[in-house]
Amino acid sequence: MSNTLRIVLITGSVLFFVFIINMVRIKKLELKYALIWLLTGFGFVVISVFPRTVFFLAGMLEIEVPSNALFLCIIFLLLLMVFALTVAVSRHACRIKKLIQELGLLKAEVNPSECAPADRKKDQNLPE
Amino acid sequence: MPGCHTGQRKGAQVSGAEKMHSRNTDINSRTLIIIPAHNEEKNLPGLFRALKNTEGDFDIIVVNDCSDDDTESVCRAHGIKVISLPVNIGIGGAVQTGYQYALSHGYDIAIQLDGDGQHDPGYIPLFIKEIREGFHLCIGSRFIRKEGFQSSRTRRIGIRFFSFLIKLLTGFEITDPTSGYRACSREVISLFAGDYPKDYPEPETVVTVLKNRLKVTEIPVVMKARENGASSITRIKCLYYMVKVTIAIIIASVSRRRVVTECE
């Protein structure tokens with residue numbers, strides 16, 4: 001591996017790591033969800049500083065080309081993350097639905113719709 | 001919130017004198033008509049007129065699934081109670097809101113009726129009779145007498161497939177599992193209030209009810225082709241519909257649950 005590439009990779013992964021920490025610092029990313037990204041960033045830094053780790057990993061899994069070992073790990077990690085996100089989205093969709101229903105029911109309780117004719121007029125004029 | 005008013009059931013007796021949309025719904029009424037509506041301002045007035053001419057003692061609630069048109073003010077103008085959802089959550093979510101309302105207000109029977117004019121309210125007394133006779137879910141079927149609007153040929157094939165699948169998985173013959181014209185008992189109201197699929201819910205919920213060992217029956221109804229507006233199932237969504245509903249039926253048939261809690 002050329003030194004230039006190595007420097008680029010190290011700089012890139014360190015910047016990525018700093019970027020994520022900064023996102024958490026300015027509260028744009030919740031620490032709960034940032035943990036996995038911090039871990040990933042840390043992994044990038046380790047791999048770019050000590051590329052031998054990938055060779056070691058490939059040897060252990062008996063994969064001939066080290067880059068394939070790297071791809072395997074990263075794809076596996078990505079699939080896990082996407083799946084976790086799908087689970088989170090489903091949970092949120094369920095909660096949002098429940099909130100909307102509760103809000104609709106409460107609105108109907110608080111503001112009964114058998115309203116006075118004056119209100120009715122106002123309502124009918126609204127869309128124009 | 002649902003479930004906290006169950007004690008009111010004892011006082012729920014039909015008063016006879018009380019006609020539709022009475023204010024003191026909690027004590028005097030037993031039957032609720034749930035009308036899910038999304039952009040149905042053109043169809044609702046005719047439906048309300050028909051409902052006013054229908055005999056029987058019932059309340060009406062329209063669940064307005066965030067319509068873009070005047071659905072809400074049309075309901076108000078006719079003095080019909082309406083739940084307006086702030087965000088569109090789909091037919092399943094809207095219907096479920098109706099069941100939650102029915103549960104929290106202690107209704108004994110809930111009848112679900114589409115807001116698009118396909119369902120003739122004249123059958124309401126028949127539905128009520130079936131539920132009073134001890135059935136938990138009563139479905140209005142187009143295919144018992146094969147009269148009226150029979151849907152397109154491709155759809156009938158799909159519906160027959162679902163019928164076959166339900167028969168295979170539960171052993172019960174349901175001729176029109178996709179019908180959205182149905183009546184529920186208290187047990188089914190609380191089941192649906194707790195858990196109801198978001199889209200294309202009908203066939204799946206039949207299986208859920210059957211799997212909970214509740215009694216399902218069908219009565220023959222005549223449906224009309226919709227008057228205004230478009231059906232929610234377009235040709236593009238057809239494949240998704242078939243796949244989703246098939247999987248949903250299979251999953252519903254392998255899960256035997258009585259008390260359902262949604263999103264933990």
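A residue is counted as buried if 20 or more other C-beta atoms lie within 10 Å of its own, and as exposed if 12 or fewer do. In this predicted model, that criterion separates two faces of helix 6 of chain B, one carrying buried residues and the other exposed residues. Chain B also contains an open sheet of seven strands.

**Helix 6 of chain B**

- Helix 6 covers residues 153-170 of chain B; its 18 residues should span 26 Å at 1.5 Å a residue, and the end C-alpha atoms are 26 Å apart, which agrees.
- The buried residues of this helix are Gly158(B), Ile159(B), Phe162(B), Ser163(B) and Ile166(B).
- These buried residues lie on the same side of helix 6 of chain B, because the arc they cover around the axis is only 140 degrees.
- Helix 8 (202-211) and helix 9 (235-254) of chain B are included in what covers them.
- On the face turned away from the buried side, the exposed residues are Arg153(B), Thr154(B), Ile157(B), Phe164(B) and Leu168(B).
- Just after helix 6 of chain B, Gly171(B) adopts a positive phi of about 85 degrees.

**The sheet of chain B**

- The seven strands of the open sheet follow the order 3-2-1-4-6-5-7, and their pairing is mixed.
- Strand 3 (81-84) and strand 7 (216-220) of chain B form the edges, each pairing on one side only.
- From one strand to the next, the twist averages 20 degrees.

**Strands 5 and 6 of chain B**

- Strand 5 (residues 137-141) and strand 6 (residues 182-184) of chain B pair in the antiparallel sense, over three bridges.
- Ile139(B) has Arg182(B), in strand 6 of chain B, as its bridge partner.

Technical notes
Residues numbered from 1 in each chain as written. Chains lettered and ligands numbered in written order. Predicted model: local features only at pLDDT ≥ 70, side-chain atom pairs only at ≥ 80, totals over all residues. Pairing = 2+ DSSP bridges. Helix = DSSP H or I, 4+ residues; strand = E, 2+ residues; numbered from the N terminus. Axes fitted to C-alpha atoms, helices over the stretch in contact; angles between N-to-C directions. Expected span 1.5 Å × (residues − 1). Arc of directions from axis to C-beta. Contact = placed C-beta atoms within 7 Å.
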